[in-house]
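User: Could you walk me through this model and take a few questions as we go?

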Amino acid sequence: MVIDIQKAAIRRLLDTQSTDLYNKLVNKFFTNTNLLLFRKIQKFYEQNMRIPTSQEFYETLRSEPTRDYLETQILSDISKAPDLNSDFIANQLQDWFIRE
């Protein structure tokens, strides 16, 4: 099974609302629509001092294509990665960034 680690990180962040994971992630770890979503999570965090739930985050998105992406690519079962812990996900993103 191939897991998109960027999508898995966003999914885990929304599922757990973990500030520990949030603090390990930076914009440079994400690309394209995943970067857009992460920046929106950052904005929500700055305004509310907490990570949004999946539902709250979905409701804040105004763009229909972005909502569709969140629903089909992030919140779907393929991005859940239940066997991976948050530290592993953050480390894999960091490794990916260094290689790129």
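Analyst: What follows covers a helix pair, a pocket and a salt bridge. This is a predicted model, where local features need pLDDT of at least 70, side-chain atom pairs count only at pLDDT 80 or more, and totals for chains, interfaces and linings use all residues. Residues are numbered from 1 along each chain as its sequence is written, and side-chain values use heavy atoms, with hydrogens and water left out.

User: At what angle do H1 and H6 cross?

Analyst: The axes of H1 (residues 5-16) and H6 (residues 86-99) cross at roughly 140 degrees and come within 10 Å; axes are lines fitted to C-alpha atoms over the stretch in contact, with angles from 0 to 180 degrees between N-to-C directions, and helices are DSSP runs (H or I, at least four residues) numbered from the N terminus.

User: And which residues in H1 and H6 meet?

Analyst: Ile5, Gln6, Ala8, Ala9 and Arg12 in H1 meet Ser86, Ile89, Gln92, Leu93 and Trp96 in H6, where contact means heavy atoms within 4.5 Å.

User: Switching topic, which residues of H1 form a salt bridge?

Analyst: Arg11 and Asp15 are joined through their side chains by a salt bridge at 2.8 Å, N to O, the term meaning a side-chain nitrogen of Lys or Arg within 4 Å of a carboxyl oxygen of Asp or Glu. Both Arg11 and Asp15 belong to helix H1 and sit 4 residues apart, about one turn of the helix.

User: How many salt bridges are there in the whole structure?

Analyst: Searching the whole structure gives 5 salt bridges.

Definitions and conventions. Helices (H or I, at least four residues) and strands (E, at least two) are DSSP runs, numbered from the N terminus.
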